Amino acid sequence: MIPGTTNATRNFQIPMRAATARWLSVLVLVALLIGYLGEAVLPSPGQGALVFLILLRLVGLVGAILLFLSSYGQLSQRAERDLDEREAQFRNRAYVLTHQIMVVALFLAFFWVEVSTKLGWWLPPAREVGNLITAFALSSMALPAAILAWRDRTPADEEGEDA
């Protein structure tokens with residue numbers, strides 16, 4: 001748990017150590033990337049591959065929700081008045097980085113679509129575009145908590161207990 005937070009200022013949250021949140025953030029991003037992009041890239045995945053991709057999507061979704069509800073996710077959602085100056089700066093830097101990452105990802109996607117339509121490169125089928133947008137949304141939901149966990153330098157013995 002982030003030092004300086006008190007029980008009185010916390011909503012419901014899943015206590016999570018930084019190491020656990022870091023591991024979970026990598027799992028979420030990999031599961032979402034493979035789970036959603038896999039079906040778009042594979043020409044016609046078999047039933048086994050489709051089940052695997054769906055399971056990866058489910059892992060990504062559940063992991064994103066766990067990160068969102070973790071102490072890091074709740075810190076990213078807390079009102080400014082409930083944070084001390086250090087926590088507010090910590091949280092605001094995470095949001096700036098999240099915004100930068102998501103803008104770059106959107107720019108690259110738009111660039112890919114523009115270039116691909118002109119040069120005849122691969123584009124995902126129309127039915128898969130919604131899935132890719134879902135992966136983008138779930139990633140953006142989990143990203144502030146992931147960034148806060150990766151930037152947390154609290155010694156392991158001071159962190160909260162895992163759920």
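Here is a walk through this predicted model, stop by stop, with something to select at each one.

**Stop 1: the pair α1 and α2**

Start by selecting residues 18-41, which are α1, and residues 47-69, which are α2. These two helices pack at about 145°, and their axes lie 8 Å apart. Turn the view until you look through one helix onto the other: the crossing is left-handed.

Now show side chains. On the α1 side, pick out Ala21, Leu24, Ser25, Leu27, Val28, Ala31, Leu32, Ile34, Gly35, Tyr36, Gly38 and Glu39. Facing them from α2 are Leu50, Leu53, Leu56, Arg57, Val59, Gly60, Leu61, Gly63, Ala64, Leu66 and Leu67. Colour this contact by class and you should get 16 nonpolar, five polar and two charged residues.

**Stop 2: from α2 across to α5**

Keep α2 on screen and add α5, residues 126-151. What is the angle between α2 and α5? It is about 30°, with the axes 8 Å apart, and that makes the two helices roughly parallel. This crossing is left-handed too.

For the contact itself, select Arg57, Leu61, Ala64, Ile65, Leu67 and Phe68 on α2. Their partners on α5 are Glu128, Asn131, Leu138, Met141, Ala142 and Ala145. By class, that patch holds nine nonpolar residues, one polar and two charged. Arg57, Leu61, Ala64 and Leu67 should look familiar, as they also appear in the contact of α2 with α1.

**Stop 3: α4 against α5**

Hide α2, leave α5 where it is and bring in α4, residues 85-119. Here the packing angle is about 140° and the axes are 9 Å apart; the two helices are therefore oblique to each other. Which hand does the crossing of α4 and α5 have, left or right? Right-handed.

The α4 face to light up is Phe90, Arg91, Arg93, Ala94, Tyr95, Leu97, Thr98, Ile101, Met102, Ala105 and Leu106. Across from it, α5 offers Phe136, Ser140, Leu143, Pro144, Ile147, Leu148 and Arg151. Sorted by class, this contact comes to 13 nonpolar, two polar and three charged residues.

**Stop 4: Pro124 in the loop**

Next, follow the chain into the loop between α4 and α5 and click on Pro124. Draw a distance from its C-alpha to that of Ala40: the pair is 84 residues apart along the chain, yet the separation is 5.4 Å. Setting aside neighbours within four places in sequence, Pro124 touches Ala40, Val129 and Leu132.

**Stop 5: the largest pocket**

Finish by turning on a surface and finding the largest pocket, with about 890 Å³ of space. Which residues sit closest to its centre? Select Ala105, Ala109, Leu132, Ile133 and Phe136, out of 24 lining residues. Two of these you have met already: Ala105 and Phe136 take part in the contact of α4 with α5. Leu132 is also a contact of Pro124.

Colour the lining by helix and you will see α1, α4 and α5 each supplying at least two residues, with α4 giving the largest share, nine. Switch to colouring by class for the last look: 23 lining residues are nonpolar, one is polar and none is charged.

Definitions and conventions. Residues numbered from 1 in each chain as written. Predicted model: local features only at pLDDT ≥ 70, side-chain atom pairs only at ≥ 80, totals over all residues. Heavy atoms only, no water. 1 Å grid on protein atoms, 1.4 Å probe; cavity = no way out; pocket = protein on both sides within 12 Å on 5 of 7 lines; lining within 4 Å. Points joined across faces, edges and corners; volume = space filled by probe spheres on them. Helix = DSSP H or I, 4+ residues; strand = E, 2+ residues; numbered from the N terminus. Nonpolar A, V, L, I, M, F, W, Y, C, P; charged D, E, K, R; others polar. Axes fitted to C-alpha atoms, helices over the stretch in contact; angles between N-to-C directions. Parallel < 35°, antiparallel > 145°, perpendicular 65-115°, else oblique. Left-handed = near helix turned anticlockwise from the far one by under 90°. Contact = heavy atoms within 4.5 Å.
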